[in-house]
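Colleague: I should like to learn how to read the features of a structure that is new to me. May we go through them one by one?

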Amino acid sequence: MQQGRPTPRSDGHAMKTRDVASGICLSMSLRLATIAFAIAASITAHAEILEELTYNYYTAVATAGQPLHGALDAASPIRENDLVFHGHTRWDVTWHFRWANESDGRCHITAATVTLKSVIRLPLLRADSLKRQQLFDRYLESLRKHELGHHQIGRDAAKAVEQEILSQPEMRTCKLLEQTINQRATDLIAGFNSRNLTYDQQTEHGKTQGAWLTQ
């Protein structure tokens, strides 16, 4: 069994100048790792994508006279460089592949598994009135929609990595095949990190999708 070299950790942050009357989010894609296993020869390569999405929540308490965005700002554990965020998405893509090598050393892919794990963090609210609870519920739905957009970028990244692995031609050694796949997959993830940033810029961190509080 041969173990591939882990790829570098990659972080993408969606940042925005603090706006008091805003519901903004932070998104990250993190941690890449690869392991390749040598197995018996197989002609037809096959692959699968495993996906896991988890929601985590924190609770805010709204009191009379306090703006909703103030209650969320006070409760949110999502903080970066003195900025407060109401929503957060983290996705991790990892890949494993199997190869077969011929007697002359030539090597080809036989199977691959790409795993996507996403965690979305969102607020819950204990409101002081039904009206404010309903206002928050509408905001939360828009914020969730925005965060799911980040999750979709992770799904697209996983699919791109799967296709990249399966598209690799036979190479003269398994080491060269492993190095090539790891580098190309890492480059792909870097591109999807940039897409996270572009998504936040285009949606103004969810504002254009309704994730915005003015009271």
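**Reading the contacts**

Modeller: Let us begin with one charged pair in this predicted model: R195 and D156 form a salt bridge, with their closest N and O atoms 3.5 Å apart. R195 belongs to helix α3 (residues 174-203) and D156 to helix α2 (residues 130-166), so the pair ties together parts that are 39 residues apart in sequence.

Colleague: What is the general idea behind such a pair, and is R195 buried or exposed?

Modeller: Side chains of opposite charge can pair when their charged atoms come close. Here, R195 is partly exposed, with a relative accessible area of 40%, and D156 is partly exposed too, at 29%.

Colleague: How many salt bridges does the count come to?

Modeller: The count comes to 9 salt bridges. Among them is the pair of D92 and R90, whose closest N and O atoms are 3.1 Å apart. D92 is buried, with a relative accessible area of 8%, whereas R90 is partly exposed at 27%. Another salt bridge joins R132 to D128, with 3.0 Å between the closest N and O atoms. In that pair, R132 counts as buried at 15% relative accessibility, while D128 counts as partly exposed at 37%.

Colleague: Which residues are linked in a network of salt bridges?

Modeller: D104, R106 and E170 are linked in such a network.

Colleague: How should I read the packing of α2 and α3, and at what angle do their axes cross?

Modeller: Two packed helices are described by the angle between their axes and the distance between the axes. The axes of α2 and α3 come within 10 Å and cross at roughly 160 degrees. An angle over 145 degrees counts as roughly antiparallel, and α2 and α3 are therefore roughly antiparallel to each other. Their crossing is right-handed.

Colleague: Which residues of α2 and α3 meet?

Modeller: On the α2 side they include K145, H146, G149, H150, I153 and D156, and on the α3 side they include I181, R184, A185, L188, I189 and R195. By class, this contact of α2 with α3 has 11 nonpolar, 5 polar and 6 charged residues. The salt-bridge partners R195 and D156 are thus both found in this contact.

Colleague: Which residues of helix α1 are buried, and what covers them?

Modeller: In α1 (residues 68-75), the buried residues are L68, H69, A71, L72 and D73. Their cover includes β3 (46-61), β4 (78-80), β5 (83-85), β7 (107-126) and α2.

Colleague: Let us turn to a single residue of a strand. What does A111 touch beyond its sequence neighbours?

Modeller: A111 lies in strand β7 and is buried, with a relative accessible area of 10%. Leaving aside residues up to four places away in sequence, A111 touches A45, H46, H96, F97 and R98. A111 and E48 are 63 residues apart in sequence, and their C-alpha atoms are 8.5 Å apart in space.

Colleague: Finally, how should I read backbone angles, and what is the phi of E204?

Modeller: Most residues other than glycine have a negative phi, and most peptide bonds are trans. E204 has a positive phi of about 55 degrees although it is not a glycine, and H205, which is not a glycine either, has a positive phi of about 60 degrees. E204 lies in the segment after α3, and H205 is found in the segment after α3 as well.

Colleague: Is H205 buried or exposed?

Modeller: H205 counts as buried, at 6% relative accessibility, whereas E204 is partly exposed, with a relative accessible area of 39%.

Key:
Residues are numbered from 1 along each chain as its sequence is written. This is a predicted model: local features need pLDDT of at least 70, side-chain atom pairs count only at pLDDT 80 or more; totals for chains, interfaces and linings use all residues. Side-chain values use heavy atoms; hydrogens and water are left out. A salt bridge is a side-chain nitrogen of Lys or Arg within 4 Å of a carboxyl oxygen of Asp or Glu. Buried means under 20% relative accessible area, exposed over 50%, partly exposed in between (1.4 Å probe, protein chains only). Helices (H or I, at least four residues) and strands (E, at least two) are DSSP runs, numbered from the N terminus. Axes are lines fitted to C-alpha atoms, for helices over the stretch in contact, and angles run from 0 to 180 degrees between N-to-C directions. Angles under 35 degrees count as roughly parallel, over 145 as roughly antiparallel, 65 to 115 as roughly perpendicular and the rest as oblique. A crossing is left-handed if the near helix is turned anticlockwise from the far one by less than a right angle, and right-handed if clockwise. Contact means heavy atoms within 4.5 Å. Ala, Val, Leu, Ile, Met, Phe, Trp, Tyr, Cys and Pro count as nonpolar, Asp, Glu, Lys and Arg as charged, and the others, Gly among them, as polar.
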